[in-house]
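Hi,

Here is the structure I said I would pass on. Have a look at it first, and my notes come straight after.

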Amino acid sequence: MFKKLVYLIGLICFLMFWSSCRKDFNFTNSSGQLTFSKDTVYLDTVFTNIGSSTYNLKVYNRSSVNIIIPSITLANGTTSNYRLNVDGMAGQDFENVELLARDSLYIFIETTIDINNYGSTNGNFLYTDAIQFGSGNTVQSVPLVTLVKDAIFIYPNRDNTTKVVETLTLNVDGQPTETDLQGRELMPEELRFTNEKPYVIYGFAAVPSGETLIIDAGARLHFHANSGIIVKEGASLQVNGDYSSDQELLENEVIFEGDRLEPEYAEVPGQWGTIWLYDGSIENHINYATIKNASIGILSDGNPNDPNPKLTLSNTQIYNSSSFGVLGRNTAISGENVVINKAGLSAFAGTLGGKYNFTHSTLANYWTGSFRQFPALLLNNFVLDEDNNAILADLTEANFNNCIIYGNDNPEFILDEIEDPAVSFNFKFDHCLIRFNDSNNNYTGPNYDFNDNAHYEAIVFNEDPAFKDPQNNQLIIGENSAAVNLGFLDFALQVPTDLLNVDRTTAPDAGAYQHITFE
């Protein structure tokens with residue numbers, strides 16, 4: 001009997017407690033008192049028919065009462081190109097959404113827009129809508145805004161039955177070999193990229209043997225993950241950028257970058273593959289280009305003894321490469337007014353020998369994304385095979401004239417030679433500013449005899465280059481730079497203007513830029 005009495009008292013207490021708490025869950029209709037984390041949600045810029053990132057809006061009930069939001073809808077209704085997710089529920093129209101006192105909820109927003117549905121747009125269209133909360137006189141709205149860009153898409157074919165994506169056949173040791181690289185060869189009508197619309201490339205776009213891909217000044221190329229350009233044997237790449245009077249718009253620059261247009265992706269390394277100058281491709285020229293956020297900015301293979309350099313780089317900037325800015329493998333590269341910065345390994349690596357000549361270039365590495373094992377500049381004359389045996393090749397020449405070689409590590413250049421009397425290892429640094437401080441004597445031997453004028457002439461070590469902001473890829477130097485007036489006039493006459501088209505023939509500075517006075 002006593003147990004039953006205790007049980008009955010406990011039940012009555014529970015019901016009384018539940019009843020007293022239950023009033024906290026009474027709800028009244030919202031009367032327009034919501035507040036929001038953003039006045040307007042900008043979904044930034046997207047390419048036509050490509051889904052956006054997911055954006056969010058936080059909705060607050062700052063009052064002391066629980067409310068019901070009668071409706072959360074899109075102003076354009078079911079015809080809207082926006083998609084919503086309200087507290088885990090996907091849709092475009094939601095009714096009687098509960099929101100506790102002093103609580104909040106998240107709304108997630110995405111969009112995919114076909115620019116062709118909106119008539120003549122001149123390549124851009126500003127698409128707008130609004131999320132509406134409530135109805136009648138108490139409705140509250142948060143605008144949604146997205147800029148849509150038209151584009152030319154290049155992608156491999158896909159078998160509709162097997163879903164297998166087309167892959168490339170490459171020449172490997174003289175034999176056509178099917179690879180697992182998704183991509184296709186460009187068609188004849190695709191071998192000129194203009195500046196009329198941006199290009200979005202999925203997989204690798206291959207320049208067929210015997211053909212030339214010409215890219216006009218002002219062109220914009222965007223690459224999806226694991227995508228890039230391959231220039232096959234006997235083919236060429238001609239990037240015809242030009243100086244831009246507006247250094248913000250870069251109207252004549254050719255820009256290679258990823259296909260994510262949101263601001264948070266603007267400087268993220270490793271978003272796409274590489275520009276691969278395959279063994280046997282010939283006379284590739286890149287002028288006034290910016291190559292950013294790749295895994296390897298440029299990969300150049302082979303052809304070290306061709307009469308003309310396999311790659312001529314001029315007035316080109318390469319930033320935010322997750323491994324190498326430029327990787328040469330037994331190849332021939334000539335560069336002037338080249339700026340490379342922020343690479344996960346080396347800004348420039350000339351491996352397995354080759355020929356490399358750089359004049360008035362800034363090869364820097366201020367990478368902070370991870371621990372970096374390699375210097376800004378690496379030169380070697382070997383590669384290790386699968387059995388860890390070294391294969392050697394001549395470093396026929398490696399000349400760096402009026403250059404800056406610097407970074408946030410030390411030393412910032414390494415000459416990694418396997419000595420063999422049958423293999424040459426020729427190099428010279430002339431009128432350069434270099435970071436190299438070997439306090440532990442890890443690097444010894446004749447290659448590091450800095451008093452040998454055959455290898456080092458007029459070198460300034462470890463003095464401040466006074467870059468404007470190397471962490472943000474601003475490598476122009478200030479008036480207090482150790483590179484000021486360091487350049488040798490004979491080299492300056494070969495490259496008479498700097499990257500910003502400033503004359504350098506009176507008092508040349510080392511590096512790609514003449515100095516300025518910082519504000």
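Below is what turned up on one sheet and on the cavities.

First, the ground rules: this is a predicted model, where local features need pLDDT of at least 70, side-chain atom pairs count only at pLDDT 80 or more, and totals for chains, interfaces and linings use all residues. Residues are numbered from 1 along each chain as its sequence is written, and side-chain values use heavy atoms, with hydrogens and water left out.

The sheet is open, with five strands (DSSP E runs of at least two residues, numbered from the N terminus) in the order β2-β4-β9-β6-β7 and antiparallel pairing. Pairing here takes at least two DSSP bridges between two strands. At the edges sit β2 (35–36) and β7 (89–91), each paired on one side only. Further in, β4 (residues 55–61) runs antiparallel to β9 (residues 103–111) over seven bridges, and N61 faces D103 in β9.

Now the cavities (sets of points on a 1 Å grid over the protein atoms alone, where a 1.4 Å probe fits but cannot get out; lining residues have an atom within 4 Å of a point). Two of 30 Å³ or more came up in the whole structure, volume being the space filled by probe spheres set on the points, which are joined across faces, edges and corners.

The largest has about 50 Å³ of space. Its lining includes Y243, Y288 and E253.

The second largest holds about 40 Å³, and among its lining residues are S30, I69, F133 and Q140.

Cheers

Note on methods. Helices (H or I, at least four residues) and strands (E, at least two) are DSSP runs, numbered from the N terminus. On a 1 Å grid over the protein atoms alone, a cavity is a set of points where a 1.4 Å probe fits but cannot get out, and a pocket is an open set with protein on both sides within 12 Å along at least five of seven lines; lining residues have an atom within 4 Å of a point.
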